Amino acid sequence: LKKLTIDFLNALTAPAASDVDLLCDAVPTDANTLCAFLDMLKHALRDIAVYKNAPSCALLFFENAGRAEEYAAKLTVSKAIALVETIDDLLADLRLNLDTRLAAATLVSGMRAIMTK
């Protein structure tokens, strides 16, 4: 799941976030695994936002600040926070309807919309 999270971060920070759509099929279909992945992605995005505002804060996802710094240079705090909020909404919806394929499509479309603003 960590590799998938990094793949999503790489796609999000690529020019025009064009590679995000390609990852839709890589999103886990098992509800528990999908929730774990979304939590991991949320922690990574939180680390990026926190690193930009308070570089000395402890990180939840990244083992070293260098990796967080790389992504922080490519992603604004407002976009990172919007992505975290999108994931929170998706987790709440997923807990209600457990439709993992719909969750994957919603995740990708939400990320694309945020990144192309």
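This is a short talk about how the helices of one protein model pack together.

Okay, hi everyone. One thing up front: what you see is a predicted model.

Let's start in the middle. The largest nonpolar core has 39 residues. Who supplies them? Helices α1, α2, α3, α4 and α5 each give at least two residues to this core, and the largest share, 10 residues, comes from α2. If you want to find the core on screen, look for F8, L9, L38, L45, F62 and L107, the residues with the most contacts inside it. As background, nonpolar side chains in soluble globular proteins tend to be buried together.

Now pick one of those, L107. Which residues does L107 touch, once we leave aside its neighbours within four places in sequence? The list is F8, V27, F37, L38, I87 and L90.

L107 sits among the buried residues of α5, so let's turn to that helix. Helix α5 runs over residues 100–115, which makes 16 residues. From its first C-alpha to its last it reaches 22 Å, close to the 22 Å expected at 1.5 Å a residue. Its buried residues are T100, A103, A104, L107, V108, G110, M111, I114 and M115. Why do we say these are on the same side of α5? Because they cover an arc of only 165° around the axis. The spacing helps you see it: an α-helix has 3.6 residues a turn, so residues three or four places apart point the same way. And what covers that buried set? The cover includes α1, α2 and α4.

Over to the other end of the chain, at T5 in helix α1, residues 2–13. Buried or exposed? T5 counts as buried, because its relative accessible area is 0%. Setting aside neighbours within four places in sequence, T5 is in contact with F37, M40, L41, A44 and F61. F37 should sound familiar, since L107 touches it too.

Next, D30, which lies in the loop between α1 and α2. With a relative accessible area of 42%, D30 is partly exposed. Here's a nice one: D30 and T100 are 70 residues apart along the chain, and their C-alpha atoms are separated by 7.0 Å. T100 is one of the buried residues of α5.

Last stop, cysteines. How many disulfides does the structure hold? Zero. As for C35, it counts as buried because its relative accessibility is 17%, under the 20% cut-off. C57, at 39%, counts as partly exposed.

That's my tour, thanks!

Notes: Residues numbered from 1 in each chain as written. Predicted model: local features only at pLDDT ≥ 70, side-chain atom pairs only at ≥ 80, totals over all residues. Heavy atoms only, no water. Disulfide = S-S within 2.5 Å. Buried < 20%, exposed > 50% of the residue type's maximum accessible area, 1.4 Å probe, protein only. Helix = DSSP H or I, 4+ residues; strand = E, 2+ residues; numbered from the N terminus. Contact = heavy atoms within 4.5 Å. Expected span 1.5 Å × (residues − 1). Arc of directions from axis to C-beta. Core = buried A, V, L, I, M, F, W, Y, C linked by side-chain atoms within 4.5 Å.
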